[in-house]
Each structure stands twice: as C-alpha cells, then as structure tokens.
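The following exercises ask for a careful reading of one protein chain. Each task is followed by a solution that proceeds step by step.

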Amino acid sequence: MVTHERKTIDLEQGWEFMQKGITKLKNILEGKPEPQFSSEDYMMLYTTIYNMCTQKPPHDYSQQLYEKYRESFEEYITSMVLPSLREKHDEFMLRELVKRWSNHKVMVRWLSRFFHYLDRYFISRRSLPPLRDVGLSCFRDLVYQEINGKVKSAVISLIDQEREGEQIDRALLKNVLDIFVEIGLGSMDCYENDFEDFLLKDTAHYYSIKAQTWILEDSCPDYMLKAEECLKREKERVAHYLHSSSEQKLLEKVQHELLTQYASQLLEKEHSGCHALLRDDKVDDLSRMYRLFFRITRGLEPVSQIFKQHVTNEGTALVKQAEDAASNKKPEKDIVGLQEQVFVRKIIELHDKYVSYVTDCFQGHTLFHKALKEAFEVFCNKGVSGSSSAELLATFCDNILKKGGSEKLSDEAIEDTLEKVVRLLAYISDKDLFAEFYRKKLARRLLFDKSANDEHERSILTKLKQQCGGQFTSKMEGMVTDLTVARDHQTKFEEFISTHPELNPGIDLAVTVLTTGFWPSYKSFDINLPAEMVKCVEVFKEFYQTRTKHRKLTWIYSLGTCNISAKFEAKTIELIVTTYQAALLLLFNGVDRLSYSEIVTQLNLSDDDVVRLLHSLSCAKYKILNKEPNNKSISPNDIFEFNSKFTDKMRRIKVSSFSLCFLMAK
C-alpha cells in the first residue's frame with residue numbers, strides 16, 4: 001500500500017498565493033478588468049487555507065491567518081476606501097459611502113468564504129469574533145468612526161431641504177441610514193447615538209421656528225392644517241428612509257413644538273379658536289382638532305371643557321328664549337303648551353347635533369361624553385314658565401302619544417322621538433317627578449281612550465325601564481295591564497248580563513276596574529246616585545263577586561261619563577256629561593223645579609261641588625238648566641228648572657258611545 005504525505009506549506013508561500021486571490025477581489029470591487037472567480041479558483045483558495053490550518057505544529061498557521069484576514073481589510077480601507085471618501089463632500093460623499101459599504105460587504109462575504117475553515121474550528125474553539133464581524137468592524141473602526149459626523153450633518157441637511165419642499169434622493173438617504181443600523185452589528189446604538197439624537201434636536205429646532213411664525217400669522221384651522229400636514233410628512237419620512245423605531249420619537253418632537261407649546265393660544269384664538277369652530281359648526285376642523293390634540297398628553301381636556309361650556313351656553317339660551325316667549329306675550333294656554341313643545345323639540349335637536357359631534361368629530365371619546373352629560377344636566381334641570389323640566393318632558397310625551405296631539409309624526413318618527421326623550425331623561429335630576437307627571441298623563445290617555453297607539457305606549461315603557469330600571473316603570477306597566485284586563489272584564493260582564501236578563505239594568509254600562517297601587521289617587525265622594533244608576537252599580541257588584549272574593553271595590557264617580565238622552569221641545573239631543581252632572585240632571589225627571597238646597601240634599605255633595613255642577617249646566621256654553629235669578633253666579637237661594645227650550649245645531653254634544661265608570665280595586 002502506497003501512502004502520499006501532504007507537502008507542508010509555509011506561511012509566506014501560502015500567503016503569497018492568497019494575496020493573489022485577495023488582489024483579484026479588490027480589482028473586481030474597484031471595477032478594474034478582471035475575470036470573475038471560477039469554482040476552481042474558489043476551491044484552490046479555500047483548500048490553501050484548509051491545508052495551512054490543518055498542518056501539524058509548528059506549521060498550523062490558524063492564528064497568523066486570522067490576523068492576516070483582518071490586515072487585508074485594514075490595508076484595503078486605508079489605501080483605497082478612506083482616500084476616496086476624504087476627497088468628496090455632502091451628497092457626493094454619501095453616494096461614495098454607500099458604494100464603499102456595499103463593496104465592503106461583498107469583500108467580507110468572499111473573504112469569509114475563503115477563510116471559512118477558520119470559522120468552523122479555530123474561531124469557535126477560541127471564542128473569537130467570527131470572520132463576518134471582524135470584517136464589518138474594520139469598516140466601523142476605520143471608516144465609520146472617522147466620517148459619521150460629516151455623514152450625519154449631510155443627511156440632516158438633506159432632510160431639512162426636503163422639509164422646505166425641495167426634491168431629494170430618498171433612496172440614497174435610506175441606504176446611508178441603513179449603514180448606521182448595520183454597522184451596530186445587531187445593536188441600534190450607532191443609529192440612535194450618532195444620528196437619531198441629532199435629528200430629533202434638529203427637528204425640534206426646525207419646527208420651533210416654524211411654530212413661532214405660524215401662531216402669529218395663521219388662523220386656528222390653517223395652523224392645524226399645517227400641523228397635520230407636517231406630522232403626515234414626518235411619518236412618510238420614516239416610511240421612506242428613517243428606521244421605524246424613530247417614528248414615535250420624531251412625531252412627539254413635532255407635536256411638542258407645534259401643539260403642546262401653543263395649545264392654549266391655538267384653542268383660544270379670538271375669531272378662529274375652538275369656541276368659534278363650535279359656533280360656526282366647522283365639523284371638519286373640529287375633527288382635525290381632536291386628531292391633533294388626542295396625540296398630546298392631556299391635550300383633549302381643554303377642548304372638552306370648551307365643548308362643555310359651548311353646549312351649556314346654547315342650552316341655557318334656549319331656556320331663556322322659551323322663558324322670554326312665555327313671559328312677553330302672556331298667550332292662551334294652548335299656545336303656551338305649543339311653545340313648550342317647541343322648546344323640548346329644540347332641546348332634542350340640540351342633543352342630536354352634539355351627540356353627532358361627540359360620535360363623529362370626537363370619535364366617541366369618554367371626555368366628550370362626560371362633557372355633553374354635564375352640560376345638559378345644567379340646563380335640562382331648569383324650568384320654563386313655571387313648569388319643571390320633568391313636567392315639560394312628560395307633557396311632550398303626552399302630546400306625541402295622545403290622539404289629536406300637535407305632533408303629527410309617522411310611527412318610525414314617534415319611536416325615534418320617544419327614544420330621544422328617554423335619553424334626555426338621563427339628564428333630569430328628579431326622575432321621580434317625571435314619573436309622577438307621566439303617570440298622571442298616562443292615566444288620562446288610558447282612562448279616556450285618548451291613547452293613539454298601544455304599541456307606542458308599551459314601547460316607551462320598555463325604553464324607560466331600560467334607562468331607569470324596573471321599579472321606575474312598575475306602576476305604569478300595571479296601569480297598561482289594568483286596561484287590558486278591564487277589556488276582558490267588560491266582555492265577561494256583557495256575557496253575564498245576556499245570560500241573566502232579569503238583572504239587565506236597561507242601561508249600557510262599561511266599568512274599568514283599576515288596581516289601587518298603580519294609579520294616581522282620585523277624590524271619591526259618596527253621592528246619592530239616582531235609582532237607575534244604583535241598579536247598574538248593584539248588577540256590576542254581583543257580577544264582580546263571581547270573578548273574585550278578595551277585592552274591595554271603591555267607585556270613582558268623578559272619572560265617569562254618561563251619555564243621556566234629553567228631550568227638548570225642538571228635538572232630542574244626546575248629552576255627554578260627567579256622572580255627577582248626569583245624577584243632577586236625572587233629578588229633573590220627576591219635578592220641573594228644584595231649589596239649590598233641595599239639590600244639595602238629594603245629591604249629598606258638598607256646596608263647592610254642587611256650585612261647580614250647577615254652574616256648568618246653567619251658566620256655561622250649554623244652558624241645560626234655567627236659573628232664577630238669571631245671572632252668572634250660583635247662590636243658595638237660586639231656583640233651577642229644566643230648560644225645555646234649549647237647542648243646538650248638533651244632535652250630540654261631546655259624543656260618547658256609552659256611559660263610563662271607574663273603580664279602584666284593592
């Protein structure tokens with residue numbers, strides 16, 4: 001068996017061969033005519049290093065080759081790179097630097113391949129810096145350390161030129177700033193300490209000078225447009241050539257100089273500040289103001305305070321306007337009511353307007369929701385012409401929900417308006433007072449068949465329940481339920497009469513049974529009812545006892561109405577009257593004339609109630625009774641008789657389809 005011993009390569013001989021390869025690489029980088037490396041060239045160079053590193057000591061030249069690797073870079077930089085950079089300035093120097101850095105990385109990549117065997121064994125065993133880091137650190141120590149100051153100044157100068165509107169080579173700046181990042185070998189120290197710190201100082205100075213001029217010359221909207229444009233362009237700058245880590249720091253500098261420093265002056269500019277923008281409904285400018293001031297610490301607080309003050313002033317002006325209208329004209333009650341409706345409608349419109357400001361201009365920020373709430377609480381708790389806001393809201397709802405109200409709206413518009421009223425209720429401090437007024441008006445709508453739509457009645461109760469809780473609406477819901485049950489009772493009562501004809505009182509009777517705890521309290525008097533009415537009461541009591549044994553009925557005659565047929569000489573007219581009026585009129589079926597004292601005795605009512613009844617029948621529009629003496633006041637000595645000569649062009653006065661009584665059940 002024949003063995004071939006590998007010939008030992010001495011250091012000088014081996015390095016001389018390597019020098020030829022390194023020189024060829026330098027020529028290629030310098031653009032001199034030189035053929036590219038073939039795979040054979042590469043293998044010869046790699047093998048030479050491999051052999052020189054694997055020879056037996058003392059011919060293992062690993063340490064010497066590691067040092068010569070570094071020296072190759074140092075020699076090339078000193079002889080070629082630095083001279084070419086020193087003779088150029090500004091943008092030309094930057095272009096040369098980018099080219100030299102690119103070449104240097106190519107040189108590192110090739111040489112580290114040739115010397116790769118060092119990386120695999122010698123370097124890893126000795127924990128030395130790897131070949132790539134050695135190559136790059138040579139550029140950092142010899143080139144970067146010398147010229148980074150000039151480079152930084154040249155870059156910042158170009159950035160300032162761009163800020164002034166000049167065109168610059170953004171790709172060049174991107175490549176230069178990449179060097180600051182890459183030269184840190186994984187650390188951002190070089191970029192931050194040698195470039196970014198200086199850029200931020202320059203940025204602060206640049207925008208400080210701009211702001212000093214703009215704040216004096218420009219209106220608030222114009223200033224904000226410029227500020228927003230500057231922030232947009234700085235952001236673009238980061239995207240095009242700065243490192244992404246600079247974005248927040250850079251924008252904070254711009255914000256500080258343009259906004260934080262001049263926030264108060266900007267907001268309070270006399271004819272164009274925040275007050276003026278709100279006054280003139282400049283929604284685009286207000287949106288921009290929000291976007292800008294949102295960026296700075298506590299920047300939105302003064303904006304929200306101005307917003308709150310503005311809304312408070314507008315609302316208070318509406319209150320004063322309504323007060324003035326009510327006090328100046330002293331109009332009829334209906335017109336006063338109409339003015340109050342208009343006032344509530346204006347408050348709703350004001351709320352709609354500024355809710356949209358909060359949502360759209362101020363992006364639903366909690367500060368502005370709070371400001372709006374506090375502003376509305378100020379003027380929503382002020383009364384108008386003696387009526388509290390709670391009463392005004394309840395009356396407004398009543399006008400929408402009752403038949404014949406002044407608000408003629410579609411079903412959708414009614415739902416929308418009710419939703420808005422309930423939202424306003426959130427600002428009313430005395431919600432219980434609203435509940436009382438609302439309950440009384442609801443009672444009138446339900447008891448006198450004035451409600452336009454049952455669905456709307458239930459809908460607002462659902463909304464109120466969501467806003468104020470179940471306890472707030474429990475009585476109102478009970479009232480609505482009572483009316484539903486009452487309709488069922490009436491049907492059953494009519495069936496009861498039809499199956500017991502001997503009990504039929506001969507009068508059509510409709511009774512609504514109410515639950516005591518749900519309804520407002522009503523005065524009840526023990527009137528002596530005529531026999532016809534007494535029979536009705538007894539029949540209903542008998543029916544009701546078949547339905548329940550545990551509820552006590554109290555008759556509320558004051559809420560009842562009757563329609564009675566009155567035979568006058570000219571014609572028979574149907575009269576729609578209260579239960580008390582009917583009881584009084586029926587007294588004249590048996591006699592022609594009655595004295596005041598006889599009427600009081602027979603009805604068993606107080607003098608005040610009898611005076612009111614007699615006045616309504618003998619002194620008002622319809623004189624159903626004649627009185628002696630014939631004057632406008634009622635006195636204990638008056639005599640009354642049925643006015644058989646009364647007539648009217650209508651066959652019915654205040655038409656109603658049946659008599660109506662109300663009961664409170666416990």
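## Exercises on a predicted model

The model is predicted, and D90 lies in helix α4, which covers residues 90-114.

**Exercise 1. Determine which residues other than glycine have a positive phi, and state how accessible D90 and N604 are.**

Solution.
Step 1. Begin with D90, whose phi is near 55 degrees; this is a positive value in a residue other than glycine.
Step 2. Compare its accessibility with the cut-off: exposed means over 50% relative accessible area. D90 has 54% and is therefore exposed.
Step 3. Turn to N604, which also is not a glycine and has a positive phi of about 60 degrees. N604 sits in the loop between α24 (596-603) and α25 (607-618).
Step 4. The relative accessible area of N604 is 45%, so N604 is classed as partly exposed.

**Exercise 2. Locate the cis peptide bonds that precede P58 and P629, and give omega for each.**

Solution.
Step 1. The bond from P57 to P58 is cis, and its omega is near 10 degrees. P58 belongs to the loop between α2 (39-54) and α3 (62-86).
Step 2. The bond from E628 to P629 is likewise cis, with omega near -5 degrees. P629 is placed in the loop between β5 (625-628) and β6 (639-642).

**Exercise 3. Compare the end-to-end reach of helix α1 with the expected value, and identify what its buried residues pack against.**

Solution.
Step 1. Helix α1 spans residues 11-29 and has 19 residues.
Step 2. The expected span is 1.5 Å times one less than the number of residues, which gives 27 Å for α1.
Step 3. From first C-alpha to last, α1 reaches 26 Å, close to the expected value.
Step 4. The buried residues of α1 include W15, M18, I22, L25 and L29; two lysines, K24 and K26, are also among them.
Step 5. These buried residues of α1 pack against α2, α3 and α4.
Step 6. After α1 comes G31, with a positive phi near 85 degrees.

**Exercise 4. Describe how strands β2 and β3 are joined, and trace the polar contact of T579.**

Solution.
Step 1. β2 (residues 553-567) and β3 (residues 572-578) run antiparallel and are joined by seven bridges.
Step 2. The connection from β2 to β3 is a hairpin through four residues.
Step 3. One bridge pair can be named: S565 has E574 in β3 as its partner.
Step 4. T579 lies in helix α23, residues 579-586. Its relative accessible area is 1%, so T579 is buried.
Step 5. The T579 side chain reaches the backbone oxygen of Y557, at a distance of 3.4 Å.

**Exercise 5. Establish the strand order of the open sheet of three strands, and place α24 relative to β4.**

Solution.
Step 1. The open sheet has the order β4-β6-β5, and its pairing is antiparallel.
Step 2. β4 (593-595) and β5 are the edge strands, each pairing on one side only.
Step 3. From one strand to the next, the twist averages 25 degrees.
Step 4. β5 and β6 run antiparallel and are joined by four bridges; N626 stands opposite E641 in β6.
Step 5. Helix α24 lies across β4 and β6, and runs at about 85 degrees to β4.

**Exercise 6. State how far apart A171 and D592 are in sequence and in space.**

Solution.
Step 1. A171 is part of helix α7, residues 170-182. With a relative accessible area of 46%, A171 is partly exposed.
Step 2. A171 and D592 are separated by 421 residues in sequence.
Step 3. Their C-alpha atoms are 114 Å apart in space.

**Exercise 7. Assess the confidence of the model and find which element has the lowest mean pLDDT.**

Solution.
Step 1. Over the protein chain the mean pLDDT is 87, and 96% of the residues reach 70 or more.
Step 2. Among the elements, helix α9 (residues 220-240) has the highest mean pLDDT, 96, and strand β8 (residues 659-665) the lowest, 44.
Step 3. Over residues 655-666 pLDDT stays under 50. For residues 655-666 the model nevertheless has 62 contacts beyond four places in sequence.

Notes. Residues are numbered from 1 along each chain as its sequence is written. This is a predicted model: local features need pLDDT of at least 70, side-chain atom pairs count only at pLDDT 80 or more; totals for chains, interfaces and linings use all residues. Side-chain values use heavy atoms; hydrogens and water are left out. Buried means under 20% relative accessible area, exposed over 50%, partly exposed in between (1.4 Å probe, protein chains only). Two strands pair if DSSP finds at least two bridges between them. Axes are lines fitted to C-alpha atoms, for helices over the stretch in contact, and angles run from 0 to 180 degrees between N-to-C directions. Contact means heavy atoms within 4.5 Å. A polar contact is a pair of N or O atoms within 3.5 Å; within protein, one must be able to donate a hydrogen and the other to accept it, and residues adjacent in sequence count only if both atoms are side-chain atoms. pLDDT is the predictor's confidence in each residue, from 0 to 100.
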